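Student: I would like a close look at a single part of this protein, with the rest of the chain brought in only as far as it helps. Could you take me through it slowly, in one connected answer?

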Amino acid sequence: MDDNTFWSIIEKAKAEAGDDLDEQFELIKVSLGELSDEDILDYQRLFYALDARALRADLWGAAYVINGGCSEDAFDYFRAWLIGQGREVYENALADPDSLADVVDEDSEVEFEYLLYA
């Protein structure tokens, strides 16, 4: 599995589920269930690599502001949410965390714990 395939799985599920994170999680699980064991492992490796890239103080600061606080666990779930938003939102946030102001509002759920378990 390459980066494009990884993002395709994330973005297809996001497009079909909209803002329903539970539905997005279910759709991702279905997509993963259709893959070979090797591709599933590649998916997980790519997820962890993206998660590690987002483990930065400036993004933690953004998560803190957005959520009105942010524990270590909440930051884990925030980074999963960030990945779940798709490549463009993820890359824009890494380039400029303030770009998240265009993505979230006061009703946005910005933690996606379940994605960690896909």
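What follows is a close look at helix α1 and its surroundings, set within the chain as a whole.

Student: Which residues of α1 meet α6, which residues make its contact with α3, and is K14 buried or exposed?

Tutor: Before turning to the helix itself, please keep in mind that this is a predicted model. The protein chain has six helices and zero strands, and from the N terminus on its elements run α-α-α-α-α-α. The C-alpha trace spans about 40 × 25 × 25 Å along its principal axes. For 118 residues, a compact globule would have a radius of gyration near 13 Å, and the 14 Å of this chain agrees with that expectation. Of the 118 residues, 42% are buried, while the accessible surface of the chain comes to about 6,600 Å², with 46% of that belonging to carbon and sulfur atoms. Among contacts with a separation of 6 or more, 66% are accounted for by residues 24 or more positions apart.

Against that background, we can take the two helix partners of α1 in turn, beginning with α3. Helix α1 covers residues 3–17 and helix α6 covers residues 87–95, whereas helix α3 covers residues 37–53. The axes of α1 and α3 come within 10 Å and cross at roughly 85°; since angles of 65 to 115 degrees count as roughly perpendicular, α1 and α3 are therefore roughly perpendicular to each other. On the α1 side this contact is made by D3, F6, W7, I9 and I10, and on the α3 side by Y43, L46, F47 and L50. Sorted by class, the contact of α1 with α3 has eight nonpolar residues, no polar residues and one charged residue.

The contact with α6 can be read in the same manner. Here the axes of α1 and α6 also come within 10 Å, and they cross at roughly 110°, so that these two helices are likewise roughly perpendicular to each other. The residues that meet are D3, N4, W7 and E11 in α1 and R87, E88 and Y90 in α6. By class, the contact of α1 with α6 has two nonpolar, one polar and four charged residues. When the two lists are laid side by side, D3 and W7 appear in the contact with α3 and also in the contact with α6.

That leaves the residue you asked about, K14, which is found in helix α1. With a relative accessible area of 17%, K14 is buried, because buried means under 20% relative accessible area. Leaving aside neighbours within four places in sequence, K14 is in contact with D19, Q24, G84 and Q85. The C-alpha atoms of K14 and D76, which are 62 residues apart in sequence, lie 19 Å apart in space.

Two of the residues that K14 contacts lead on to F112. F112 lies in the segment after α6, and with a relative accessible area of 2% F112 is buried. Not counting residues up to four places away in sequence, F112 touches L21, Q24, F25, Y77, A80, W81 and G84, so Q24 and G84 figure among the contacts of F112 as well as among those of K14. F112 and W81 are 31 residues apart in sequence, yet their C-alpha atoms are 4.5 Å apart in space.

L55 offers a contrast to these buried positions. L55 is found in the loop between α3 and α4, and at 51% relative accessibility L55 counts as exposed. L55 touches F75 and R79, again without counting residues up to four places away in sequence. The C-alpha atoms of L55 and D76, 21 residues apart along the chain, are separated by 8.5 Å.

How values were computed: Residues are numbered from 1 along each chain as its sequence is written. This is a predicted model: local features need pLDDT of at least 70, side-chain atom pairs count only at pLDDT 80 or more; totals for chains, interfaces and linings use all residues. Side-chain values use heavy atoms; hydrogens and water are left out. Axes are lines fitted to C-alpha atoms, for helices over the stretch in contact, and angles run from 0 to 180 degrees between N-to-C directions. Helices (H or I, at least four residues) and strands (E, at least two) are DSSP runs, numbered from the N terminus. Angles under 35 degrees count as roughly parallel, over 145 as roughly antiparallel, 65 to 115 as roughly perpendicular and the rest as oblique. Contact means heavy atoms within 4.5 Å. Ala, Val, Leu, Ile, Met, Phe, Trp, Tyr, Cys and Pro count as nonpolar, Asp, Glu, Lys and Arg as charged, and the others, Gly among them, as polar. The radius of gyration is taken over C-alpha atoms; the globule rule is 2.2 Å times the number of residues to the power 0.38. Buried means under 20% relative accessible area, exposed over 50%, partly exposed in between (1.4 Å probe, protein chains only). Accessible areas come from the Shrake-Rupley method with a 1.4 Å probe; for residues, only the protein chains shown count as cover.
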